[in-house]
Amino acid sequence: MADEAIGLPPELTKFDPENMRGAILEVPSHVEQGYRMPDSLDLRKMDGKFSAVLIAGMGGSSIAGLLLKSYLEDECIRLDVIQDYVLPKWADNKTLLIACSYSGNTEETLSVFKEARRAECSIVAVTTGGKLEEYTRISKIPTMLLQAGYQPRAAMTVQFFAMLRVLERLKLIPSKAAEVLKLKEDLKNQLQSLEKNAMILSDKLLSKTPIIYTSRRFGTVGYRWKCQFNENSKVMSYNNVFPELNHNEVEGYANTRGNYHAIILRFSEDHRRVQRRMSLTKEIMLRKGISATEIGITGPSLLSKLFSAILLGDLTSYYLALRIGMNPSKVELIEGFKKDLGPYVA
Ligand code: PA5
């Protein structure tokens, strides 16, 4: 798709020298790429023995796990995501730990990995290399090697489908192949309109603080939007979920101090009372002078809805970055922070 076709002012492309847009538009092809990754893993020793699955990851690498938890909510599988240094005390040799770190050098994930080794958990890793790959190579732990060269958050789709397939291969969930294999085409067909909508929405967000509201079920989608606004656009952003926000956050609109724009993402799966709550909350916000955009997420399957919503958020944060003159790939404060923190000695 030519930039002119979607109306991108050419002078803005200079803010994207690493081509984050290209990485976002590759998402449809990341679906199959990720899903095929575990095909060559030797998982024979692990078959059928787990009572729980834990996914350790931080930042961009944690979202794949959180989204998987949300996608698999109705399956009979105990799945949790650890965004911290510590493995839960109950984890044991009946626990599968998936260590997910794009760089392979994230200290929180490495710390959980080491604790999981001590607790005799079974382990699978998803990474491009780093210390994580070093440790798994030495210990002969099954490892899926991701393609290097992306920002971690741009590899989320590959990580998601790689982990989904591992769970299928271990027979912890039924096969999702039919849904997965249709997704690539479906997302490709939506790209152009998603990109147009993202450009329009990003314009409304100039000089605003984006707040993203979803139902609890789709809270991870809202969280991804928030994190992409933080990392790609370099702006503050918040997300929250219905119905809980009607029991606290809504009261804050009595005395609003920020220049917010609310984005309400609606899914057909949302409970009918939640749908009503969304409409009423929007009315309150409008009365209090807060602008809001409602977006109905549609698609032929749950996966399709999840990923088209993710793509819309990724693209909106991307265009907001360009509009405010930010390089969407660079995360200098995060990198600087990691340096200042110094090496972690467990
Ligand atoms: O998107 C980012 O760059 C960050 O959120 C990273 O994902 C986070 O710091 C964790 O790094 P990694 O994904 O390499 O483990």
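# A tour of two sheets and two pockets

Start by selecting Ala125 and Thr143: Thr143, in strand 5, is the bridge partner of Ala125. This is a predicted model, in which local features need pLDDT of at least 70, side-chain atom pairs count only at pLDDT 80 or more, and totals for chains, interfaces and linings use all residues. Residues are numbered from 1 along each chain as its sequence is written, and side-chain values use heavy atoms, with hydrogens and water left out.

**The first sheet**

Extend the selection to strand 4 (residues 122–127) and strand 5, which pair in the parallel sense over three bridges. Strands are DSSP runs of E with at least two residues, helices are runs of H or I with at least four, and both are numbered from the N terminus. Two strands count as paired if DSSP finds at least two bridges between them.

Now show the whole open sheet: five strands in the order 2-1-3-4-5, with parallel pairing. Strand 2 (79–82) and strand 5 (143–145) are at the edges with a single partner strand each, so one side of each has no neighbour in the sheet. From one strand to the next the twist averages 15°. Angles run from 0 to 180 degrees between N-to-C directions, with axes fitted to C-alpha atoms, for helices over the stretch in contact.

Add helix 5, which lies across strand 3, strand 4 and strand 5 and runs at about 140° to strand 4. Contact means heavy atoms within 4.5 Å. Next select helix 6 (residues 156–169), lying across strand 1 (52–56), strand 2, strand 3, strand 4 and strand 5, at about 165° to strand 3.

**The second sheet**

Move to the open sheet of four strands, ordered 7-6-8-9 and paired in parallel. Its edge strands, strand 7 (238–242) and strand 9 (291–297), each pair on one side only. Here the twist averages 20° from one strand to the next.

Select strand 8 (residues 260–267) with strand 9 to see a parallel pairing over seven bridges. Within it, Ile263 has Thr293 of strand 9 as its bridge partner. Helix 9 (residues 272–287) packs on this sheet, touching strand 6, strand 7, strand 8 and strand 9, and its direction makes about 165° with that of strand 8. Helix 8 (residues 219–233) lies across strand 6 (209–215), strand 7, strand 8 and strand 9, at about 165° to strand 6.

**The domains**

Colour 19–175 as domain 1 and 186–323 as domain 2; such bounds come from an automatic or database domain assignment. Their C-alpha centres lie 27 Å apart, and 21 residues of domain 1 are in contact with 24 residues of domain 2.

**The pockets**

Which residues lie closest to the centre of the largest pocket? Select Met58, Thr106, Glu107, Glu108 and Lys338, out of 41 lining residues. A pocket is an open set of points on a 1 Å grid over the protein atoms alone where a 1.4 Å probe fits, with protein on both sides within 12 Å along at least five of seven lines; lining residues have an atom within 4 Å of a point.

The largest pocket holds about 1,000 Å³. Both domain 1 and domain 2 give residues to its lining, so the largest pocket lies between them. Elements giving two or more residues to this lining include helix 3 (60–71), helix 4 (107–118) and helix 11 (332–341).

Finish at the second largest pocket, with a volume of about 310 Å³; a volume is the space filled by probe spheres set on the points, which are joined across faces, edges and corners. Of its 13 lining residues, select Lys45, Met46, Lys140, Ile141 and Pro142, which lie nearest its centre.
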